[in-house]
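Me: I'm new to this one, so could you walk me through a helix pair and a pocket?

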Amino acid sequence: MNFELSQEQSLLQESLFTAARALNPAEPVAQRWRQIAATGIIGTCVAKEDGGSGLGAIELLLLLEALAEGQQDNGLSFAIAAHTLSCVIPISRYGSAEQKKKFLPGLINGSLIAANAMTESESGSDVFTLKCKADKVNGKYKLNGTKTFISNCAEASMALAYASTDASKGFFGGLTAFLVEEDKFEKGTSFKKMGLESCSLGQLHFNGVELANESVLGKEGGGAVIFNYSMEWERICLAGIHLGAMKRVLEKSVAFVKQRFSQGQSIGKYQGVSHALAEMKTKLEVSRQYAYHAARSLDQKKNTGETAAIAKLFISNSVTSFMQQAMQLFGGYGYIADYGIEQEVRDSLAATIYSGTSEIQKNIIASHMGI
């Protein structure tokens with residue numbers, strides 16, 4: 001597979017990397033979010049006529065990689081990626097002209113932050129058992145239910161919420177997607193979690209929310225198609241933030257072993273250390289090759305369900321084992337917060353859970369094998 005980047009793609013990536021490096025980690029997350037949004041990354045795959053750049057999944061993947069490489073706040077990288085992939089991308093694809101005009105400018109420039117409201121307390125990976133309902137009453141929808149484990153919940157200006165509109169039709173045909181503005185839902189308490197601290201995670205409550213037909217994204221009963229579309233983008237392009245983090249930590253690890261000495265030579269000269277670094281480099285490069293392949297398949301409008309699942313499974317497993325190897329190389333320093341490696345380990349662990357657990361990805365892959 002030859003994935004040599006064009007000059008334009010390289011320049012895009014370099015520009016975003018420079019912008020990310022310029023961020024001051026001491027500044028509030030909201031301020032850094034706006035600074036990154038100002039680069040145009042969120043609108044990368046939005047059509048030019050809708051205020052975006054009209055580029056493809058491969059460019060977005062490259063930019064997310066540069067974002068995560070250039071700055072160390074994995075929570076910020078994930079928050080922007082989740083906003084972009086699970087909300088902006090489906091709105092740009094399925095939204096009406098009026099919906100795109102109303103929401104996309106703010107979503108792209110960072111003045112609006114969106115939350116993808118699918119998961120419920122009893123339907124996480126099993127999205128077929130949603131209890132959130134939207135009943136039609138006097139020509140309008142009444143939305144009731146609670147969503148949980150919602151990224152960007154505390155900052156959300158709007159939500160892309162999925163609800164059952166016809167239980168008899170099940171997931172395919174009975175699920176509808178709604179665009180719900182902030183004044184129509186209640187934000188629950190954000191959860192305290194082990195990593196990705198800059199990205200809030202919590203509950204959203206929809207208590208008899210009245211929604212007009214104009215709030216439906218796509219068409220009634222079309223929610224499953226929209227959700228699956230967004231999941232393919234998430235599972236493929238989220239790899240970018242893992243690639244960037246791995247590259248950044250690999251460079252940090254190489255520098256560390258070169259300056260640490262034992263018995264008169266740098267510890268990098270010992271095979272136990274150099275081989276670990278070689279394994280880390282291999283995980284990064286193989287992950288990058290498959291991620292680029294998956295993103296280009298998405299751009300070519302191929303059936304990417306299986307490809308996305310393989311990318312998600314392999315790369316999320318790779319980044320978790322990669323970061324744990326880095327911690328071993330740093331030894332006691334890897335366990336100390338000041339060095340940042342323990343934070344990288346904690347942040348990486350969520351990769352095997354969000355956007356469908358590793359077990360769900362295995363189910364998808366097995367189903368494509370006829371099992």
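Here are a few questions and answers on a predicted model.

Me: How are α3 and α7 oriented to each other?
Reply: Helix α3 covers residues 57-70 and helix α7 covers residues 223-237. They pack at an angle of about 45°, with their axes 10 Å apart. An angle under 35 degrees would count as roughly parallel, and 65 to 115 as roughly perpendicular. Theirs fits neither range, so α3 and α7 are oblique to each other.

Me: Which class of residues makes the contact of α3 with α7?
Reply: The crossing of these two helices is right-handed. On the α3 side, the contact uses Ala57, Leu60, Leu61 and Leu64, while α7 brings Trp233, Ile236 and Cys237. With no polar and no charged residues there, the class of the 7 residues is nonpolar.

Me: Which element gives the largest share of the lining of the second largest pocket?
Reply: That pocket holds about 440 Å³ of space. Two or more lining residues come from each of α4 (74-94), α7 and α9 (271-299). The largest share is 4 residues, and the element giving them is α4.

Me: How many charged residues are in the lining of the second largest pocket?
Reply: The lining has 15 residues, and Arg93, Tyr229, Trp233, Leu298 and Lys301 lie nearest the pocket's centre. Trp233 also turned up in the contact between α3 and α7. Sorted by class, the lining has 7 nonpolar and 3 polar residues, and the number of charged ones is 5.

Note on methods:
Residues numbered from 1 in each chain as written. Predicted model: local features only at pLDDT ≥ 70, side-chain atom pairs only at ≥ 80, totals over all residues. Heavy atoms only, no water. Axes fitted to C-alpha atoms, helices over the stretch in contact; angles between N-to-C directions. Parallel < 35°, antiparallel > 145°, perpendicular 65-115°, else oblique. Left-handed = near helix turned anticlockwise from the far one by under 90°. Contact = heavy atoms within 4.5 Å. Nonpolar A, V, L, I, M, F, W, Y, C, P; charged D, E, K, R; others polar. 1 Å grid on protein atoms, 1.4 Å probe; cavity = no way out; pocket = protein on both sides within 12 Å on 5 of 7 lines; lining within 4 Å. Points joined across faces, edges and corners; volume = space filled by probe spheres on them.
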